[in-house]
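I sat down with this one to jot a few lookups. Here is what went into the notebook.

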Amino acid sequence: MVASEDSTQETHDEIPVLEPGVILDVRRLKTSFYTYEGVVKALDGITVQLKKGDTLAFVGETGCGKSVTAKSILRLVDSPGRIEEGEIIFRDRAKDGSEVVMDLLKLSEDEMRQIRGNRIAIVFQDPATYPNPVFRVGDQISEVITLHQELAKDVLEMKIERLETTLAENPDADNVATIQEKIAEYRSQLDDPPPPTDDDKKQVAKKKAVEMLKMVRMPSPEEVANQYPHELSGGMRQRALIAMSLSCNPQILICDEATTALDVTVQAQVLNLLNELKSEFDSSIIIITHDLGVVAETCTQVAVMYAGVVVEYASTEELFSDPIHPYTTGLLKAIPKLTEKTHRLLQIKGSVPNLITPPSGCRFHPRCEFATEICKKERPPREEMKPNHWVECFHPQGSMKGKKR
Amino acid sequence: MPNGEPLIEVKNLKKYFPLTGGVFRKVLGYVRAVDDVTFDIYKGETLGLVGESGCGKTTTGRTILRLIPPTAGSIIFDGKDITELNQREMMQFRRNLGIVFQDPMASLDPRLTIKNAVGEPLLVNGIARGYRLRQKVLELLKKVGLTEDHLNRFPHEFSGGQRQRICIARALALNPKFVVMDEPTSSTDVSVQAQTLNLMKDLQQEFDLTYLFISHNLSVVKHMSDRVAVMYLGKIIELTPRDIFEEAMHPYSAALVSAVPIPNPEMAGRAEILAGEVPSPINPPTGCRFHPRCRFAKDICKEEIPELRDMGEGHLVACHFAGELDLGYKEAVEAQEAAIA
C-alpha cells in the first residue's frame, strides 16, 4: 500500500475527509526557505496523523525539521520561509458541540488567529526568552484569555457570586431585598449575557489566570501571578508558559523542546505534569524532542524525522521494540546506556546533510550502511510495513530485514 | 584506577563569589559555589562529575585549573601545590593542563583560522613556529579526524561536532597530563555525541590522559567515567568507584538516577519525582543541604552537616543514614537491563 498515491484524489475536495478519531492529519507537507544561498527544502512531504488523546513525538537531530513542522502547523513560518504544498486537516469542536473539519492552510489569516493559541497552542523551547520580561506573569496569561474567550457569562457568574457572598456575610442588612433582586436579574441574563465591560473582563481573566497557575501545580499561584518572569526559576517559568498555553483549553498542545533547557529532576516534574494535564483537559499533545528517553516516557506515537522527511512512524512500543529504518536503529544504538558498560558507542558516520542540495533519492543514503544504487536514484515510498508502522526505506531492518527487494 | 597513585589531590577547596551592592560595593553575602570539596583524581582515570545546573560542577573544574583563583584549599598536582605558584610559574605549569569548554562556538575566536587557533598554544609556549608549527597542527587535526583542507578555514565554516573536535585538538596541543572536559557534548546531537565520546576515549588511551569529565547527562558520565562524583549545592555528596547506577547510596543520587528518561516505553512513569528545586547557594539550608527535598529527612539532617564517610572500597557518601535506606531504584536498573536484552 502506497500512501502518497491513493490519497491524491482527495486534494481538491471542498470539505476534507478525516478518519474518525483523528484530530490532526498532516498530508505531504512541504515547507521551504528561500535564502540567498538557495532554496532550503526544510520539509519534504511530511505525512503524520495525531489521534485524539494521543501524545505524538517528533524526534530527530538538529536541523531535521521538527520545529519547522510545528511552526507550519500553526502557520508561523516567517519569510523567507513558505509552505509550498500539502494539507493540514484539523478537526475542531465548535461552541455548540458539533465538529468542524478544516484545512488549516486554506484559512484566512483572521480565521487562523482564532485557531492559534486558542485551539492549537504551543510551548517554546527556551523559557528564559519567551515570556515578555516587562509584564507580570498573571497579566500575560489573562491577555490570552481575554483575547480568545468570550467572558460575558463568566463575568455574570462572578457578579452573582460576589453578591451571594455579601448576602451570606450579613444576612440582616437593610438592602437584602435589592441584592436578591439583582441576583435574580443576573440569573435571568445567564442564557444571553450582555457584553461585559473591559474592567469586568480583566478581573475575570485575572481570576482565571490564577486558576490556571494552580492547575499546573505552581506553588503559591496568587503571588506568582503578580511576579515578573525573571523572578521565577526555569522550571516555574516553563510551568507558567504551559499554564498560558492551556488557558484556552486547546485541542492540541505542541511542546517544542519544552524540557530541553531543564535539569533532569525538573524535567521529570514537567513531563509528569504534562501527562496529568492531558487527561484533565482532554487534549492531545505533540512533543518535539531530540531525547529518545523523553519519547519513551511520555509519548504514545513517534515520528522519527531525518532531513525533512518522516522516515518512520509508529506507536512508541512498536518503534522501540522493532525499529525498522536504519536511521532509527542507529539512533537507538548511539545513546549511552545507564547499565551497560561498553567501550565504544555505535556511531552513525558523517553528519546531517545541507538541505539546499539534499542527497538524491533517499536523504539518508550517504550515511546508511545498507545503501545501494536504488537509494541514490529513487526516494523510497512511504509504506505500511507492519500494521500502523510506516517506514520510508528500501532496506528495512529489524523484523522486516531481508523481506523486501 | 582507584589503587593507582593520585595525579591531583583536591583538599578542602572553596570558592565563594562575593555579592556586592550599594555605592561602595559593600559585600552583602557570598555565593558558595564550591564549599569545602575534597577528592583525588588518579593517574589515567576519568572522574565524572555530575549534578544539576548551579551545583558548582563547572566552578570546581575551573578552580582546579586555577582559571578562577580558589577562596581556600589546596590543589596538589603531582606533589606540587599549584595554589602557591606565582603568575610566572603558573604560566609554565599550564602546559600540563587542558580544558574543553561547553560551547565550541563561543570558545573559538571567530577571526582566527583553525591553524592559528590550534597553533596558538604552541606558538605562545615557544614550542614550534613557521613550517614546523603547521606540521604539528596538521598532526593534531588528523588525530581528531580533520584533514589538511580544514587548516585555513574559520570556525563558522564547521559544524558543531567538528568545532568540538577542533577544541579537543587545541586542548591537546601542549601534550597535557590532565584535561577538564566541561560538558563537551551537551550542545551536540546523539549521533555526533557518540562520535565525540568515542574520539575522547581513543585519545585518552593514546596520550595517557587523565580526565575530569563534567556533565549533567548521567548516561554520558556513566559511559565515560571510572569513578563518579555527584555534586549538590557546592558539595560532593557521593563519590563512587563502583557503578553509581547500581550502587547509589545517597537519596539525591538515587533520585537523579531515577529521573533520567530511559528509552524504553515499558519503563514510563517510574521516575521518583523530586519536589521543589535546588535552593539558592547564597543561603544554603542548614545541616544536610538536601534535607528540604529528601523524603528520608529526620531531625538530625536539619542540624548536622553529614561528613563524607567511606562505605567500603572507597565509596564515599555524605548522608547520616547511608546504607540504611531503601532507595528503591533497583527496579529502574533492572528494567534498563531488560531493555537492553
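The entries below go from the chain contact to one residue, then a helix pair and a sheet.

**Entry 1: where the chains touch**

A reminder to myself at the start: this is a predicted model. I looked up the contact between the chains, and chain A puts in 38 residues while chain B puts in 38 residues. On the chain A side, I noted that α10 (264-281), α11 (292-298), α12 (316-321) and α13 (326-334) each supply at least two residues. The largest share there comes from α10(A), with 6 residues. I then sorted the chain A side by class and got 16 nonpolar, 14 polar and 8 charged residues.

**Entry 2: Leu273(A)**

Next I picked a residue in helix α10 of chain A, namely Leu273(A). Is Leu273(A) buried or exposed? Neither label fits: I found 18 other C-beta atoms within 10 Å, so Leu273(A) is partly exposed, given that buried needs 20 or more and exposed 12 or fewer. Leaving aside neighbours within four places in sequence, I have Leu273(A) in contact with Val216(A) and Arg217(A). I also checked the C-alpha separation from Leu273(A) to Glu297(A), which is 24 residues away along the chain, and it came out at 12 Å.

**Entry 3: a helix pair in chain A**

I pulled up α4 (residues 137-148) and α9 (residues 234-246) of chain A; their axes come within 8 Å and cross at roughly 20°. That makes α4(A) roughly parallel to α9(A), because angles under 35 degrees count that way. The crossing of α4(A) past α9(A) is right-handed. Which residues meet here? From α4(A) I listed Val137(A), Gln140(A), Ile141(A) and Val144(A), and from α9(A) Ala240(A), Ala243(A) and Met244(A). By class, this contact has 6 nonpolar residues, 1 polar and no charged.

**Entry 4: the sheet in chain B**

Over in chain B I traced an open sheet of 8 strands with mixed pairing, ordered β6-β7-β8-β3-β9-β10-β12-β11. Its edge strands are β6 (97-100) and β11 (309-310), each pairing on one side only. I zoomed in on β10 (residues 235-240) and β12 (residues 316-317) of chain B, which run antiparallel and are joined by 2 bridges. For Leu239(B), the bridge partner in β12(B) is Leu316(B).

Then I checked the helices lying across these strands. In chain B, α1 (residues 57-64) lies across β3 (46-50), β7 (178-182), β8 (210-214) and β9 (227-232), running at about 155° to β8(B). Helix α9 (residues 251-259) of chain B lies across β9 and β10, at about 100° to β9(B).

Key: Residues are numbered from 1 along each chain as its sequence is written. Chains are lettered from A and ligands numbered from 1 in the order in which they are written. This is a predicted model: local features need pLDDT of at least 70, side-chain atom pairs count only at pLDDT 80 or more; totals for chains, interfaces and linings use all residues. Two residues are in contact if their C-beta atoms, placed from the backbone, lie within 7 Å. Helices (H or I, at least four residues) and strands (E, at least two) are DSSP runs, numbered from the N terminus. Ala, Val, Leu, Ile, Met, Phe, Trp, Tyr, Cys and Pro count as nonpolar, Asp, Glu, Lys and Arg as charged, and the others, Gly among them, as polar. Axes are lines fitted to C-alpha atoms, for helices over the stretch in contact, and angles run from 0 to 180 degrees between N-to-C directions. Angles under 35 degrees count as roughly parallel, over 145 as roughly antiparallel, 65 to 115 as roughly perpendicular and the rest as oblique. A crossing is left-handed if the near helix is turned anticlockwise from the far one by less than a right angle, and right-handed if clockwise. Two strands pair if DSSP finds at least two bridges between them.
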